[in-house]
Each structure stands twice: as structure tokens, then as C-alpha cells.
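Grab your viewer and work through the exercises below. Try each task by yourself before you read its solution.

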Amino acid sequence: MGIGSDLAVVMEGVSASVAALCGLVLEDASLCSDADVGADVDVLQRRYGLRLERLELVARLEAQLAAVKAQDVADTVDIQHALLPPDAPVDERTYAEMSVVEEIAGILTISSAAAGALVEQSRRVCSLPPVFEALAAGGVSWQHARIVADETEGLTPAGAAGLVAHFFDPDAPNPARGAAPGDLVPSRFRAKVRAWRERYHPETLEKRHAKGVADRRMDYAPDRDGMAWLSFYLPGDTACAIWNRSTATARGLQNPDEPRTLTQLRADVAASLLLGAGNTTIADEAARGTGAIGKIPTPRADVLVTVPVFSLLGLTEEPAVLDGFGPIPASMARGLVAGGAESFYRVLVDPRDGAPLEIGRTRYRLPETLKKWIRLRDGKCTFPGCTNHTPDNDTDHLTPWHHGGTTDARNLAQLCPRHHRLKHARPWTPDPATRNEPPGWTSPTGRHYTPEQHDPQPTHWPPGTLPAGTMPVQFQGEPAGIEHIPPWEPDDANLIDLNDLPEGDPVRDEFFARPFVLSVQVLSAVPQRNVRPDRLDRCRH
């Protein structure tokens with residue numbers, strides 16, 4: 001369907017959705033009547049199912065109508081411009097568009113600013129055919145389409161097309177993995193789109209971050225009922241560390257006699273840390289009758305930093321990923337690793353395809369390492385639509401231990417406490433997981449939810465470092481000068497894959513016992529026996 005044509009095809013979809021919705025309403029009415037519905041029909045269960053089916057249809061219909069609305073808004077502006085003479089001055093065209101915006105604001109009873117934003121978003125969505133078609137088919141909501149419009153702003157036309165192809169074209173060279181865009185809650189979809197955008201923006205993340213750091217600030221806004229809001233605009237690693245320390249400390253204060261929720265404790269802890277131990281106002285107000293906060297424990301709050309090997313070595317400026325935050329500049333990741341920040345664990349990735357390889361650690365105890373791997377693989381609570389990514393999510397056995405479930409990555413997944421309890425109280429059934437993919441879920445009514453997956457991108461290789469005879473590849477929308485290696489395996493005859501060595505092997509133990517030092521002389525760290533080139537990111541001095 002061509003953008004700018006009439007909406008006949010879209011309206012056919014709208015009519016089909018309305019007809020299906022009417023059919024479900026009539027079926028529900030017959031169940032409520034005295035008509036014989038058959039002894040084998042559970043009327044109450046069927047009426048429950050009908051309402052879920054109607055909600056699905058209503059969501060699809062809302063998306064289809066949003067496509068009609070977006071096309072009409074975009075066409076209204078274009079037609080107004082077409083009414084002007086070709087040589088009309090710029091100010092006349094500006095006032096013509098302003099007039100259209102005000103007309104739309106009056107018709108929809110929204111502010112001029114909201115109408116202006118709607119015009120910009122509608123025109124951008126209509127300029128991206130795969131996004132508009134997905135919206136018109138009811139495959140994504142207007143929120144999803146608006147996210148694409150927002151995140152493609154500032155990209156080159158090729159970059160915008162590359163982003164859209166990555167998420168909406170399954171035949172693209174490097175399509176997104178896991179759940180389809182319309183199956184992700186908008187906040188999670190935005191996180192995935194933004195992560196892609198950060199990698200392929202024409203201006204490097206380092207430069208954009210430097211501008212952002214200059215704008216750091218703290219804001220204060222009084223609110224009603226004697227309350228106020230306090231917010232910070234900080235570098236991502238700093239804000240993430242503050243949040244995780246406050247959460248871990250608040251969790252440490254919880255006990256059977258503590259009446260405050262985790263949310264309340266987190267705010268009290270942050271206020272107490274800012275004001276210092278000498279100020280007891282927060283403790284007196286929040287814990288009146290339960291005793292003051294007293295000495296605040298500071299349990300460890302581990303944070304994973306996923307960093308490409310060449311970025312860690314300073315050979316490229318490819319962004320890293322901070323657990324619970326998203327992409328961060330390479331210099332920030334190098335600072336976290338080289339600075340010895342004990343609460344940050346580096347996660348190094350395969351330079352061929354961006355898949356995680358190894359989690360840095362100082363202890364070899366399997367449960368600790370395995371739990372961190374599950375955190376890395378899942379990223380958040382795996383329950384459909386949940387966005388909880390706190391470090392203290394539960395690591396749950398998908399098949400319970402007492403039912404024969406094993407303790408390995410294929411039978412473990414992150415669940416927040418709320419959804420952990422729901423899993424055991426109602427028949428929400430998880431799929432098996434894999435080493436690199438979280439589980440999907442099936443609801444009590446049989447609806448299956450595809451898992452959200454990480455969307456690792458092939459690592460940026462420094463120019464001139466690809467193996468001899470290897471032709472670099474470049475994906476649609478990437479800035480010039482970025483090289484990726486195509487699928488490649490080195491000759492294993494003379495090289496050792498550390499994954500093949502069991503714990504206790506002297507070479508493996510000696511290798512991991514060496515302290516990690518940032519250096520481009522990585523190969524000199526390998527004693528006596530060679531290590532595969534695709535495992536350079538494991539090397540230590």
C-alpha cells in the first residue's frame with residue numbers, strides 16, 4: 001500500500017475489525033439470554049474469554065483508526081501547502097502550516113503544542129512505509145509508531161531507513177531478535193530502538209554524552225500535600241550506581257517489623273545519605289513509632305557492564321551497555337573497569353557477533369556466576385510486559401526443583417517478586433529457556449507471549465584488523481567507516497578455546513588468575529599455549 005493513496009485498504013481492515021467485534025458482542029448477548037447454549041459450554045469461562053478477545057480487537061481497531069488519523073493529519077498539511085503558489089514566500093508557508101495546526105487543535109480539543117507534535121509525528125510515520133503499514137494492520141499501536149518517529153529524529157534518511165528495516169523487515173540483513181515490536185510494551189520497545197539508535201547515530205555517543213554532561217543539574221519542584229519532587233540529570237553510570245545502592249540498602253533494611261515499603265525505604269535512604277547521619281528529620285517523620293533509621297547498611301549492589309573487546313582496549317569507540325540503563329560511552333565503560341569499581345562486573349562480548357562470552361569475576365563459585373549470567377541474558381523480569389530490572393529480582397527454577405528441574409541456565413529465569421508469586425498461584429507457564437535466550441510464556445487462556453531478547457549487534461572492528469582475505473560488511477544505516485566481520489571461525493587445529501577447558505585445568509586457572517589490565521598487547525599475556533583469536537577479550541595480564 002502506497003503512503004499518500006486513499007485509505008480504502010485501511011478502511012477495509014477497520015470494517016473487518018468492527019464486524020468481528022460485533023460478532024463477539026452478539027455471541028455474548030446470546031450467552032446471557034435464555035437460549036440453550038449446550039450443557040458442555042462453561043458460560044462464565046466463555047464470557048471471560050469473549051472479553052479478552054474483544055480487548056484484542058479493540059486494540060487492533062484503535063491502531064487502525066490511528067493510521068487513518070495520522071494519514072489525514074499529514075495529508076491536511078500537504079494539501080494546504082499545495083494550495084499555495086509554487087513561488088509563495090517562506091513566511092506565507094509558515095503561517096499556512098500554523099493555521100492548519102490550530103485547526104487540528106480545535107477539532108481534536110488539544111493544545112497547539114500537542115497538535116504541532118501530532119503533525120510532526122504523523123508526517124514522519126507516514127514517511128516510513130513499513131511503520132505505517134504495521135500501524136494500519138493493527139500490528140503496532142500508535143505509541144509504538146510514535147516511538148519510531150521520535151527516535152528517528154536526527155538520523156540521516158539512510159539511518160532512519162536502517163532502523164525501520166531492522167525492526168520491521170524480517171528479511172533485513174540483521175533483523176531484530178525476539179518478540180515483534182507490537183508484542184513489546186512501549187517502554188521496552190523504546191529501549192530497544194534507542195539502543196540501536198545510539199550505535200548508529202551519525203554523531204558518536206562520546207560527543208553527545210560530552211554535551212549531556214555539561215547540562216547535568218538537580219531540579220526541585222514543590223507539589224501538593226506538603227510534598228515535593230527532587231530530580232537529578234546525571235551521567236548514566238552515576239545515576240545507576242545511586243539507584244542500585246539505594247535499592248540494595250533499602251532491601252537490607254526490610255524485616256518483619258519494618259512497616260515501610262521498598263519504595264518508601266528507598267526514598268528515606270537516599271534522603272538520609274544526602275542529609276547525613278546528623279539529620280533525623282526523615283527518620284522521625286517516616287519511622288515515628290518504629291525507631292529511627294539508625295546506621296544504614298550498605299550491601300553490595302552488583303552491576304553488569306557489557307563492553308566490546310576492541311572498545312575496552314581503546315581501539316574503537318563502540319558503546320558499551322550498562323545493566324538497567326542502556327548504552328554508555330566507551331570511555332565511561334573503560335573508566336568503570338580500569339577504575340576498580342567493585343560493584344561493576346565487566347561482561348566481554350564476542351567480536352564476531354556481539355554475543356556475550358564471559359563475566360569477569362574474582363570467585364569461581366557456580367551459583368554466583370550462573371546468577372549473573374541469567375541477569376545478563378534476561379535483562380529484567382521475563383514475565384510478559386514487566387519492566388522490573390532491579391538487581392535483586394529472583395532467579396527462579398522454571399520447572400521446580402522438586403519436580404525434577406535442574407539448576408542450569410536452561411531452567412532458570414529472572415522473575416520479580418510479584419510475578420514470581422503469580423507464577424506459583426496461577427497457571428502461567430514458562431517455555432524452556434536456552435543459554436542465550438530467556439523463556440516465553442503461555443497465559444492461563446492459552447495465549448503465547450514470545451520472549452523479549454537482547455539485540456546484540458556485531459562488534460565494530462578497528463580498520464585494518466580483520467583476518468587476511470576477509471571482506472568487511474556494513475549494515476544499512478550505519479555511519480561510514482564502521483567495519484564488521486562476517487561469520488568466521490579460526491583454524492582450531494593449533495588454537496585452544498577456553499570453553500573447552502574444564503575448571504581445574506592449569507592453563508585455564510593460570511589464565512583467569514591473572515589480573516585484568518587494559519592494554520593492546522593482549523597476545524603477550526598468553527603463556528606457552530595459544531588461545532583462539534575470537535577469545536582475545538578473555539586475555540589478562
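K380 makes a good starting point: this residue is buried, with a relative accessible area of 5%. Keep in mind throughout that the model is predicted.

**Exercise 1. Find the partner of K380 in a salt bridge and work out which parts of the chain the pair ties together.**

Step 1: Look for a carboxyl oxygen within 4 Å of the side-chain nitrogen of a Lys or Arg. For K380 the partner is E452, at 3.9 Å from N to O.

Step 2: Place both ends. E452 sits in the loop between strand 12 (448–449) and helix 17 (506–513), while K380 is in the loop between helix 15 (366–378) and strand 8 (394–397), so the bridge links parts that are 72 residues apart in sequence.

Step 3: Check the burial of the other end. The cut-off for buried is under 20% relative accessible area, so E452, at 16%, counts as buried.

Step 4: Now look for shared partners elsewhere. Salt bridges that share partners connect D150, E151, R190, R194 and R197 in one network.

**Exercise 2. Take the salt bridge between D28 and R47 and describe both of its ends.**

Step 1: Get the distance. The closest N and O atoms of D28 and R47 are 3.2 Å apart.

Step 2: Locate the residues. D28 belongs to helix 1 (residues 8–32) and R47 to helix 2 (residues 43–82), so parts 19 residues apart in sequence are tied together.

Step 3: Compare accessibility. D28 is buried at 8%, whereas R47 is partly exposed at 27%.

Step 4: Set another pair beside this one. D268 and R260 form a salt bridge with their closest N and O atoms 2.9 Å apart, and both residues are buried. The full count by this rule is 23 salt bridges.

**Exercise 3. Does the length of helix 1 agree or disagree with the expected span, and what does its buried side pack against?**

Step 1: Do the length check. With 25 residues at 1.5 Å a residue, helix 1 should span 36 Å, and its end C-alpha atoms are 36 Å apart, so the two agree.

Step 2: List the buried residues of helix 1: V10, V14, S17, L21, L24, D28 and L31.

Step 3: See what they touch. These buried residues pack against helix 2 and helix 5.

**Exercise 4. Which residues touch the most other members of the largest nonpolar core, and which helices supply it?**

Step 1: Pick out the hubs. The core has 42 residues, and V125, V131, L135, W142, V148, F168 and F189 touch the most other members.

Step 2: Assign the helices. Helix 2, helix 3, helix 4, helix 5 (129–136), helix 6 (142–151), helix 7 (157–168) and helix 8 (186–200) each contribute at least two residues. Helix 2 gives the most, with 8 residues.

Step 3: Zoom in on F189. Skipping neighbours within four places in sequence, F189 contacts H144, I147, V148, F167, F168, P181 and L184.

Step 4: Don't miss the other core. It lies apart and has 10 residues, including A320, L322, A333 and L336.

**Exercise 5. Where do T109 and D225 sit, and are they buried or exposed?**

Step 1: Recall the usual backbone picture. Most residues other than glycine have a negative phi.

Step 2: Read the angles. Phi of T109 is near 55°, and D225 has a phi of about 60°.

Step 3: Place them. T109 is in the loop between helix 3 (90–108) and helix 4 (112–126); D225 is in the loop between strand 1 (217–222) and strand 2 (228–233).

Step 4: Check exposure. T109 is exposed at 70% relative accessible area, and D225 is exposed at 72%.

Note on methods:
Residues are numbered from 1 along each chain as its sequence is written. This is a predicted model: local features need pLDDT of at least 70, side-chain atom pairs count only at pLDDT 80 or more; totals for chains, interfaces and linings use all residues. Side-chain values use heavy atoms; hydrogens and water are left out. Helices (H or I, at least four residues) and strands (E, at least two) are DSSP runs, numbered from the N terminus. Buried means under 20% relative accessible area, exposed over 50%, partly exposed in between (1.4 Å probe, protein chains only). A nonpolar core is a set of buried Ala, Val, Leu, Ile, Met, Phe, Trp, Tyr and Cys residues joined through side-chain atoms within 4.5 Å. Contact means heavy atoms within 4.5 Å. The expected span of a helix is 1.5 Å times one less than its number of residues.
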